[in-house]
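Colleague: I should like to understand how the labels attached to a model are justified. May I put some questions to you about the terms used?

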Amino acid sequence: MHSSNGRSGVGGGGPESTAGQSGGYGPPPAEKPGSVRYDDPWYDALASGWGEPSEAGGPVPVVPPARQEHEQRAAVDVYLEVQRSAAFREVRSRYRRFVVPAVAGFFAWYVGYVVTATTAPGLMGRPVAGAVNVAMLAGLGQFLTTFLLTWAYVRHARLRRDRAALELRWDTQELTRGVRGGAS
C-alpha cells in the first residue's frame with residue numbers, strides 16, 4: 001500500500017514504528033509534540049500549495065495571515081467601489097432592459113403554446129399544408145424564437161454592454177493590482 005506521497009504504508013505505521021526507521025529518507029526531523037512529519041505515511045494528502053516543496057526544492061512561501069486579510073479587505077473595498085459606480089449601474093441597467101422583456105415575452109409565448117395545445121386541440125390539429133398542422137408550426141416556432149432570442153441577446157451584448165463591461169473589468173484589475181502593491 002502506498003500513500004499519495006509515494007511512501008509505503010505497509011507494516012504498521014504511526015509514530016512508534018517509524019520513529020526509529022529512516023526508510024532511506026535520512027534521519028527523522030526534529031518534531032514538536034502533536035505535529036505531523038512530512039514523511040509520515042499516515043499523512044496522505046497535502047492541501048494544494050501548502051507545505052509542498054516548490055520546483056526549486058525549497059518550501060513554498062506562505063503569505064502572512066495579517067497581510068492576506070488586509071489585501072482581502074482592500075480588494076473587497078475595490079469591488080464595492082466598482083459596484084457603486086455609475087458605469088457598473090449602467091451596464092446592469094442595459095442588461096436588465098434587454099433580459100427582463102425578452103424573458104417575459106418568451107415565457108408568455110411558451111406558456112401560450114402549451115395552454116393552447118392542451119385546451120384547443122382542434123385548433124392545433126388544423127392542417128396547414130399536407131401533414132403539417134398548426135401545432136407543428138408552433139413547435140418549430142419555439143425553436144426558431146429560441147435561436148432568434150439568442151442571436152438578439154448576443155448582438156445586444158456586443159453592441160451595448162461588452163465594451164463598457166470590459167472597461168470596468170480592466171479598471172477593477174488595475175485597482176486590485178494597486179492594492180496588492182503591483183503584484184498580480
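Colleague: Why does Phe-107 count as exposed?

Modeller: The model is a predicted one, in which local features need pLDDT of at least 70 and side-chain atom pairs count only at pLDDT 80 or more, while totals for chains, interfaces and linings use all residues. Residues are numbered from 1 along each chain as its sequence is written, and side-chain values use heavy atoms, with hydrogens and water left out. Buried means under 20% relative accessible area, exposed over 50%, and partly exposed in between (1.4 Å probe, protein chains only). Phe-107 has 55% relative accessibility, and therefore counts as exposed.

Colleague: Which residues make the nonpolar surface patch with Phe-107?

Modeller: Tyr-110, Val-111, Val-114 and Val-115 make the patch together with Phe-107, and its area is about 430 Å². Patches consist of residues with over 30% relative accessible area and no salt bridge; nonpolar side chains (Val, Leu, Ile, Met, Phe, Trp, Tyr) are joined within 5 Å, like charges within 9 Å. Phe-107 itself belongs to helix α3, residues 86-119; helices are DSSP runs (H or I, at least four residues), numbered from the N terminus.

Colleague: What makes the contact of Glu-90 and Arg-94 a salt bridge?

Modeller: A salt bridge requires a side-chain nitrogen of Lys or Arg within 4 Å of a carboxyl oxygen of Asp or Glu. Between Glu-90 and Arg-94 the N to O distance is 3.0 Å, so the requirement is met. Both residues lie in helix α3, four residues apart, about one turn of the helix.

Colleague: With which other residue does Glu-90 form a salt bridge?

Modeller: Glu-90 also pairs with Arg-97, their closest N and O atoms being 3.6 Å apart. Glu-90, Arg-94 and Arg-97 are thus linked in a network of salt bridges.

Colleague: Why is Glu-90 called partly exposed, and Arg-97 exposed?

Modeller: Glu-90 has 32% relative accessibility and so counts as partly exposed, whereas Arg-97 is exposed because its relative accessible area is 54%.

Colleague: How do you know that Arg-161 has no salt bridge?

Modeller: The nearest side chain of opposite charge, that of Asp-162, is 5.4 Å away, so the salt-bridge limit is not met. Arg-161, in helix α5 (residues 134-179), is buried. Its side chain does join that of His-156 in a polar contact of 3.0 Å; such a contact is a pair of N or O atoms within 3.5 Å, one able to donate a hydrogen and the other to accept it.

Key: Accessible areas come from the Shrake-Rupley method with a 1.4 Å probe; for residues, only the protein chains shown count as cover. Helices (H or I, at least four residues) and strands (E, at least two) are DSSP runs, numbered from the N terminus. Lys and Arg count as positive and Asp and Glu as negative; His and the chain ends are not counted.
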